Amino acid sequence: MGDPLVIVTTRLNRVLGVDADARVAWVEPGVLNLDLSRAVQHLGLHYAPDPSSQQACTIGGNVATNAGGPHCLAYGVTGTHVLAVEAVLPDGSVETLGGLAPDTPGYDLRGCFVGSEGTMGVATRIAVRLTPDPRICARSSSISDRSRTRPRL
Ligand SMILES: Cc1cc2nc3c(=O)[nH]c(=O)nc-3n(C[C@H](O)[C@H](O)[C@H](O)COP(=O)(O)OP(=O)(O)OC[C@H]3O[C@@H](n4cnc5c(N)ncnc54)[C@H](O)[C@@H]3O)c2cc1C
């Protein structure tokens, strides 16, 4: 083991591109979770994984921890929404794990990377799946409210 190294990704905070038709966004790892949903809100899309730290946590951190949240009960945790990860590996090489194809051939190294807590490398670009906003949202504060408020889908 060599000397420890601290890497800060705070300034890697750009949404690099959004393909609304394909519902895919390429982002840098320092993009805040909530900022991504805000950036695509005007397209009727959002990024579904919503840890309760979403105002402060980053997509890179979400990938490293395979973060979940309330929406994940319906849509799945972070791993379900990560299509590809460009990462700098411990030997300094840069690899893209996964891809945008529906069924990327080969071993699922993207799946190994998600949840690996930074032990496999440093994510530098991430392709995430975007989810259409629901057409109707209903909010209720009690069970009796809920019985009166039935959204028509
Ligand atoms: C108040 C609060 C509420 C929370 N709620 C939830 C919740 O509802 N659901 C949930 O799952 N978690 C939750 N968490 C835990 C945490 O917020 C999440 O796990 C989040 O995904 C971490 O993201 P972060 O940007 O804060 O990462 P950090 O804490 O900065 O890093 C977490 C790990 O990811 C690694 N990492 C960060 N960036 C990269 C990168 N670019 N490449 C490789 N590795 C990287 C770090 O080395 C570290 O091991 C909560 C935390 C807090 C403080």
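Two strands count as paired if DSSP finds at least two bridges between them. The model shown in these views is predicted.

**View 1. The protein chain as a whole holds six helices and seven strands.**
Along the sequence, the elements of the protein chain follow the pattern β-β-α-β-α-α-α-β-β-α-β-β-α. The chain has 153 residues, and 27% of them count as buried. Take the contacts between residues at least 6 apart in sequence: 52% of these join residues at least 24 apart.

**View 2. Five strands form an open sheet with antiparallel pairing.**
The strand order is 1-2-6-4-5. Strand 1 (15–19) and strand 5 (94–98) stand at the edges. Each has a single partner strand, so one side of each lacks a neighbour in the sheet. From one strand to the next, the twist averages 15 degrees. Strands of a sheet pair through backbone hydrogen bonds, either parallel or antiparallel.

**View 3. At one edge, strand 1 pairs with strand 2.**
Strand 2 covers residues 24–27. Four bridges link strand 1 and strand 2, in the antiparallel sense. One pair to look for is V18 and, opposite in strand 2, A25.

**View 4. Strand 4 and strand 5 form a hairpin.**
Strand 4 spans residues 82–88 and runs antiparallel to strand 5, with five bridges joining the two. Find E86; the bridge partner of E86 in strand 5 is T96. Five residues lie between the strands of this hairpin. In the hairpin, G92 takes a positive phi near 90 degrees.

**View 5. Helix 1 has buried residues on one side.**
Helix 1 runs over residues 33–40, and N33, L36 and V40 are buried there. These three cover an arc of only 60 degrees around the axis, which puts them on the same side of helix 1. What lies over the buried residues of helix 1? The cover includes strand 1, strand 2, strand 3 (45–46) and helix 2.

**View 6. A shell of 19 residues lies around the ligand.**
Which residues come nearest to the ligand? They are P51, G60, G61, A64 and G118. Helix 2 (59–65) and strand 6 (122–129) each supply at least two residues of the shell. The largest share comes from helix 2, with five residues. By class, the shell has seven nonpolar, eleven polar and one charged residues. Helix 2 thus appears in two views: it is part of the cover over the buried residues of helix 1, and it supplies five residues of the shell around the ligand.

Terms used. Residues are numbered from 1 along each chain as its sequence is written. This is a predicted model: local features need pLDDT of at least 70, side-chain atom pairs count only at pLDDT 80 or more; totals for chains, interfaces and linings use all residues. Axes are lines fitted to C-alpha atoms, for helices over the stretch in contact, and angles run from 0 to 180 degrees between N-to-C directions. A residue is near a molecule or strand if its C-beta atom, placed from the backbone, lies within 6 Å of it. Ala, Val, Leu, Ile, Met, Phe, Trp, Tyr, Cys and Pro count as nonpolar, Asp, Glu, Lys and Arg as charged, and the others, Gly among them, as polar. A residue is buried if 20 or more other C-beta atoms lie within 10 Å of its own, exposed if 12 or fewer, and partly exposed in between; C-beta atoms are placed from the backbone. The arc is that of the directions from the helix axis to the C-beta atoms. Two residues are in contact if their C-beta atoms, placed from the backbone, lie within 7 Å.
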